[in-house]
Amino acid sequence: MSEHDSEYMGAVLLQKGYLSTEEESQADIILVNTCCVREKVEHKIFTKLGRLTKLKRQNKKLIIGVTGCYAQLAKEEIKRRMPQVDFVLGAQEIRRLPKVMGSLRSPQKRQDKMPDESRQVEGFPCGFRRRSSIQAMVTIMEGCNNFCAYCIVPFARGRERSRASEEILREIKEAAAEAYKEVLLLGQNVNSYCDPSNNSISFADLLIKVHQIEGIERIRYVTSHPKDFSFRLVETIRDYPKICRHVHLPVQSGSTRILKLMNRKYSRDEYMEKIEWLKREIPEIGISTDIIVGFPEEIEDDFKQTMSLLEEVEFDGIYSFKYSPRPLTKAYQYPDTVSEEVKGSRLMELQALQKRIQLAKNQSLVGRVVEILVDSVSKKDPHALCGRTSSNRIVNFKGSPDLMGKFLRVKIIRSGPNSLFGERV
Ligand code: 5AD
Ligand code: SF4
């Protein structure tokens with residue numbers, strides 16, 4: 001979601017006649033789009049702003065804006081600690097960027113409005129340039145009502161709001177007309193999507209409508225909450241081939257006791273049942289997840305259950321984090337019982353296990369032919385390209401940039417824990 005906000009802000013600047021640069025010292029305007037999910041980012045933000053304000057001493061005309069989730073929650077603190085910052089715009093106010101920039105030249109007109117919680121979710125404006133020419137990100141809902149005990153997102157992004165399906169479909173048709181082949185539907189909890197203008201349209205119904213759009217070949221979405229992940233959705237993925245064979249289903253912990261303390265509203269068994277549905281109905285499904293280690297009261301036995309869940313599911317990828325207490329959240333009041341050292345060693349153990357699982361899974365793909373959509377040039381080798389399978393596996397192969405955006409068949413010839421290497425067939 002924050003990526004997509006950055007994309008929007010970049011497009012606003014292009015519209016206003018700015019060009020992009022990789023060199024901060026050459027920039028006339030720098031926007032720092034912030035996250036607040038973990039504590040570490042806060043430290044990063046102020047270090048970054050400290051460096052940028054030094055640039056401002058050399059270039060008095062430089063405009064610095066701070067935007068996004070952290071900006072939403074810590075507006076006053078940013079202004080107090082960094083008076084050189086020209087404006088602060090929270091995650092729920094991003095669409096005011098054109099107005100704010102217009103008023104920069106006449107500061108007396110500037111006013112800080114409070115975010116409007118009932119604000120409708122807005123799409124990407126027609127005619128604005130997206131970052132990728134292959135995948136179009138499309139917001140379908142924003143905000144979250146779940147209040148997981150560790151999570152600051154409902155405070156930063158506000159309550160859940162869905163966008164009218166007609167609006168979403170119009171945006172996707174526009175993207176298809178511009179030759180986009182893939183859409184990534186965005187929302188904090190896409191499974192609870194409910195069309196505000198026709199509440200009989202659920203997320204599965206929306207997927208089916210997107211599936212009908214000509215030109216769109218792949219449909220991806222993030223993020224799914226396990227409690228709302230229905231069998232109907234599994235059937236929909238199974239029956240509609242353009243819906244990618246990949247689900248990101250954050251589990252957070254393998255211990256029902258910890259899940260309860262986290263206010264996740266499902267047990268380990270309930271989560272495993274959904275994994276079984278997916279594997280049974282769609283054998284080629286790729287599944288990824290998020291894990292938090294060291295949540296308050298997590299003892300060795302809880303952690304072992306997370307480890308065993310990883311072994312049972314055999315995820316294709318995980319994002320794993322040490323628990324970080326966040327203000328405003330319920331868990332902020334709990335004593336942070338797991339030491340930093342234990343959190344660190346649990347994280348390492350978890351990642352080592354996952355690496356072994358991924359290595360073995362990827363090894364088993366060697367010799368197989370898969371279909372990929374070519375979406376980028378390899379970061380490590382300018383003569384290599386990267387593509388993704390429907391199940392979200394990344395495959396590197398030698399090829400020229402004119403293959404970007406094409407569907408290709410490649411044979412897997414080598415594998416590592418995080419990637420596959422193939423050749424065109
Ligand atoms: N500490 C650690 N990880 C967190 N996440 C969210 N809040 C916290 C926190 N306070 C992780 C969750 C979530 C992902 C986006 O970030 O795993 O799914
Ligand atoms: Fe945060 Fe939970 Fe909402 Fe995800 S579902 S954004 S973890 S509160």
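Is Ala179 buried or exposed? In this predicted model, Ala179 counts as exposed, because its relative accessibility is 54% and the cut-off for that class is over 50%. Ala179 sits in the loop that runs between α7 (165-177) and β7 (182-186). Its C-alpha atom is separated by 30 Å from that of Ile30, a residue 149 places away along the chain.

**Salt bridges**

Side chains of opposite charge can pair when their charged atoms come close. In this predicted model the count comes to 37 salt bridges. Three of these pairs are set out below.

| Salt bridge | N to O distance | Place of the acidic residue | Place of the basic residue |
|---|---|---|---|
| Glu42 and Arg326 | 2.9 Å | helix α2 (residues 39-58) | loop between β11 (317-322) and α13 (340-363) |
| Glu142 and Arg157 | 3.8 Å | strand β5 (residues 141-142) | helix α6 (residues 153-157) |
| Asp375 and Arg388 | 3.3 Å | strand β12 (residues 369-377) | strand β13 (residues 384-388) |

The side chains of Glu42 and Arg326 meet with an N to O distance of 2.9 Å. Glu42 belongs to helix α2 and Arg326 to the loop between β11 and α13, so this salt bridge ties together parts of the chain that are 284 residues apart in sequence. Glu42 is partly exposed, because its relative accessibility is 23%. Arg326, in contrast, has a relative accessibility of 2% and therefore counts as buried, the limit for that class being under 20%.

A salt bridge also joins the side chains of Glu142 and Arg157, at 3.8 Å from N to O. This pair links distant parts of the chain, with strand β5 contributing Glu142 and helix α6 contributing Arg157, 15 residues apart. Glu142 and Arg157 are both buried.

Between Asp375 and Arg388, the closest N and O atoms of the salt bridge are 3.3 Å apart. Since Asp375 lies in strand β12 and Arg388 in strand β13, the pair ties together parts that are 13 residues apart in sequence. Asp375 counts as partly exposed at 27% relative accessibility, and Arg388 is likewise partly exposed, with a relative accessible area of 27%.

Salt bridges also link residues into a network, whose members are Arg130, Arg163, Glu167, Arg170, Glu171 and Glu174.

**A negative surface patch**

Asp269, Glu270, Glu273 and Glu276 form a negative surface patch. Within this patch, Glu270 is placed in helix α11 (residues 268-281). The relative accessibility of Glu270 is 40%, which means that this residue counts as partly exposed.

**Two helix residues and their contacts**

Lys56 is located in helix α2. With a relative accessibility of 14%, Lys56 counts as buried. When residues up to four places away in sequence are set aside, Lys56 touches Leu62, Ile64, Gln84 and Asp86.

Pro98 is part of helix α5 (residues 97-102). Pro98 counts as partly exposed, because its relative accessibility is 31%. Leaving out residues up to four places away in sequence, the contacts of Pro98 are with Tyr8, Val12 and Lys16. The C-alpha atom of Pro98 is separated by 23 Å from that of Thr53, which lies 45 residues away along the chain.

Key. Residues numbered from 1 in each chain as written. Chains lettered and ligands numbered in written order. Predicted model: local features only at pLDDT ≥ 70, side-chain atom pairs only at ≥ 80, totals over all residues. Heavy atoms only, no water. Patch = residues over 30% accessible without salt bridge, like charges linked within 9 Å, V, L, I, M, F, W, Y side chains within 5 Å. Areas by Shrake-Rupley, 256 points an atom, 1.4 Å probe, with all protein chains shown as cover. Salt bridge = Lys/Arg side-chain N within 4 Å of Asp/Glu carboxyl O. Lys, Arg positive; Asp, Glu negative; His and termini not counted. Charge placed at Lys NZ, Arg CZ, Asp CG, Glu CD. Helix = DSSP H or I, 4+ residues; strand = E, 2+ residues; numbered from the N terminus. Buried < 20%, exposed > 50% of the residue type's maximum accessible area, 1.4 Å probe, protein only. Contact = heavy atoms within 4.5 Å.
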